[in-house]
Amino acid sequence: MFPVDKIRADFPILQRSVNGKPLVYFDNAATSQTPQIVIDAIVDYYSNYNANIHRGVHTLSQEATDKYEEARIKIQKHFNAKKSHEIIFTSGTTHGINMIASGFSALLNKGDEVIVSALEHHSNIVPWQMLCEKTGAVLKVIPMDEDGSLRIDIYHELLNSKTKIVFCNHVSNALGTINPIEEIIHAAHKFGAVVLVDGAQATPHIKPDVQELDVDFYVASAHKICGPTGVGLLYGKQKLLEQLPPYQGGGEMIDTVTFEKTTYAGLPHKFEAGTPNICGGIAFGVALDYMNAIGFDTIADYENELLQYGTQELSKIDGLKIYGTVSKTAVISFNIEGIHPYDIGAILDKLGVAVRTGHHCAQPIMDFYNIPGTVRASFSFYNTKEEIDVLVNAVTKAKMMLS
Ligand code: 7TS
């Protein structure tokens with residue numbers, strides 16, 4: 001049996017109440033909660049060895065540098081990157097995507113093609129549109145189907161020798177759809193295109209192996225994997241990262257500087273200008289240790305139980321429609337006929353249940369379904385079936401009040 005009571009005791013926030021009711025936190029796709037061990041790592045850093053890294057000869061700076069670089073190695077091992085310098089610390093998924101999109105503006109030409117999926121978060125759409133505006137490259141879209149899957153048959157038709165880069169999320173944030181990224185990567189490589197996978201929503205549930213996937217770039221955010229906000233990772237194959245120009249100029253990313261010419265540092269420092277989120281990086285490593293100690297297969301099995309139970313119970317509510325019915329992570333995006341999702345969310349909050357409502361930064365998906373948004377309940381391994389019962393009762397009550 002999954003030791004959920006023991007796990008819940010690791011998360012202090014789960015003890016609090018909201019509007020006089022015990023908190024039921026079902027907004028995990030927006031950000032996950034933080035276990036005490038990660039909070040302790042943050043307190044330890046600021047209490048004992050807060051210092052800038054890679055530059056001080058003194059003990060505190062060396063301790064901070066060692067811990068930060070140890071975290072990079074933990075991330076490398078977690079994602080099974082070949083080299084630790086293929087892991088670039090970022091401020092999060094959005095930052096990682098912008099780094100690559102900006103780098104490609106030096107490599108693309110007018111008429112080149114880039115392919116995006118219809119299931120993307122805005123942060124994996126807008127930077128590429130900006131890139132296309134700058135370079136004259138053409139943006140093509142893999143359409144979606146009613147069940148929330150991608151039309152992979154059309155993707156194969158879109159690929160051609162002009163395709164330079166394909167970007168797709170591993171898991172959709174709005175629907176939870178798990179996309180066939182192996183097939184997407186393999187097909188793109190046949191045409192010499194590279195693939196960026198947005199792993200923001202996959203990494204809380206799945207342990208990706210970047211070498212096995214043969215993915216070119218993989219990005220994610222720590223705050224969705226029990227880590228702090230303001231830190232994330234960009235994985236890139238060494239050869240590709242070396243070809244890309246630096247994203248920002250500044251301290252740490254140089255080899256030598258004169259007013260005549262500056263030479264850049266090697267990987268990973270070339271992409272890490274300025275003082276990074278040192279504490280965040282270290283805490284990210286601790287969060288991965290915490291989740292790996294539970295085990296990602298164990299987590300996925302338990303969350304799948306929650307997903308099945310939640311789907312079954314919510315489906316009993318008359319007029320409730322669930323969007324996205326294919327293989328997915330523990331996300332239930334739904335609406336009740338005739339009721340605005342925001343109104344349901346506001347009543348759920350009064351009852352202590354935290355969900356996200358709206359377009360989830362994925363407006364093209366909402367346009368596809370011709371809806372303003374959905375109510376999204378997203379589960380984590382520290383949630384329970386009893387909490388799902390609270391959600392179902394709260395939704396039933398909201399429906400009664402609003403219809
Ligand atoms: N990509 C996907 C698939 C996401 O779900 C998100 C955040 C991002 C990128 C951006 O991540 P950030 O850490 O850089 O902000 N998704 C959500 C969400 O679904 N609700 O709030 C944030």
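This is a short tour of the largest pocket and of the ligand in a predicted model, with a suggestion at each stop of what to select.

Begin with Thr93, His121, Ser123, Ala200 and Lys224, which, among the 21 residues that line the largest pocket, are the ones that lie nearest its centre. The space they point you to has a volume of about 270 Å³. If you then colour the lining by residue class, you should find 12 polar and 4 charged residues alongside 5 nonpolar ones.

Next, select helix H4, residues 93–104, which contributes 3 residues to this lining and thereby gives the most to it. Colouring by domain is also useful here, since the lining takes at least three residues from domain 1 (4–30 + 295–402) and at least three from domain 2 (39–292).

Now turn to the ligand and show the residues around it, of which there are 15, with Thr94, Asp198, Gln201, Ser221 and Arg356 as the closest. Three distances can be displayed one after another. From Thr94, draw a line between a polar side-chain atom and an oxygen atom of the ligand, which are 2.6 Å apart. From Asp198, a polar side-chain atom reaches to 2.5 Å from a nitrogen atom of the ligand. For Lys224, a residue already selected at the first stop as one of those nearest the pocket centre, an N or O atom of the side chain lies 3.0 Å from a nitrogen atom of the ligand.

Finally, show the surface of the ligand: on its own it has 490 Å² of accessible area, and the protein covers 87% of this.

How values were computed
Residues are numbered from 1 along each chain as its sequence is written. This is a predicted model: local features need pLDDT of at least 70, side-chain atom pairs count only at pLDDT 80 or more; totals for chains, interfaces and linings use all residues. Side-chain values use heavy atoms; hydrogens and water are left out. On a 1 Å grid over the protein atoms alone, a cavity is a set of points where a 1.4 Å probe fits but cannot get out, and a pocket is an open set with protein on both sides within 12 Å along at least five of seven lines; lining residues have an atom within 4 Å of a point. Grid points are joined across faces, edges and corners, and a volume is the space filled by probe spheres set on the points. Helices (H or I, at least four residues) and strands (E, at least two) are DSSP runs, numbered from the N terminus. Ala, Val, Leu, Ile, Met, Phe, Trp, Tyr, Cys and Pro count as nonpolar, Asp, Glu, Lys and Arg as charged, and the others, Gly among them, as polar. Domain bounds come from an automatic or database domain assignment. A residue is near a molecule or strand if one of its heavy atoms lies within 4 Å of it. A polar contact is a pair of N or O atoms within 3.5 Å; within protein, one must be able to donate a hydrogen and the other to accept it, and residues adjacent in sequence count only if both atoms are side-chain atoms. Accessible areas come from the Shrake-Rupley method with a 1.4 Å probe; for residues, only the protein chains shown count as cover.
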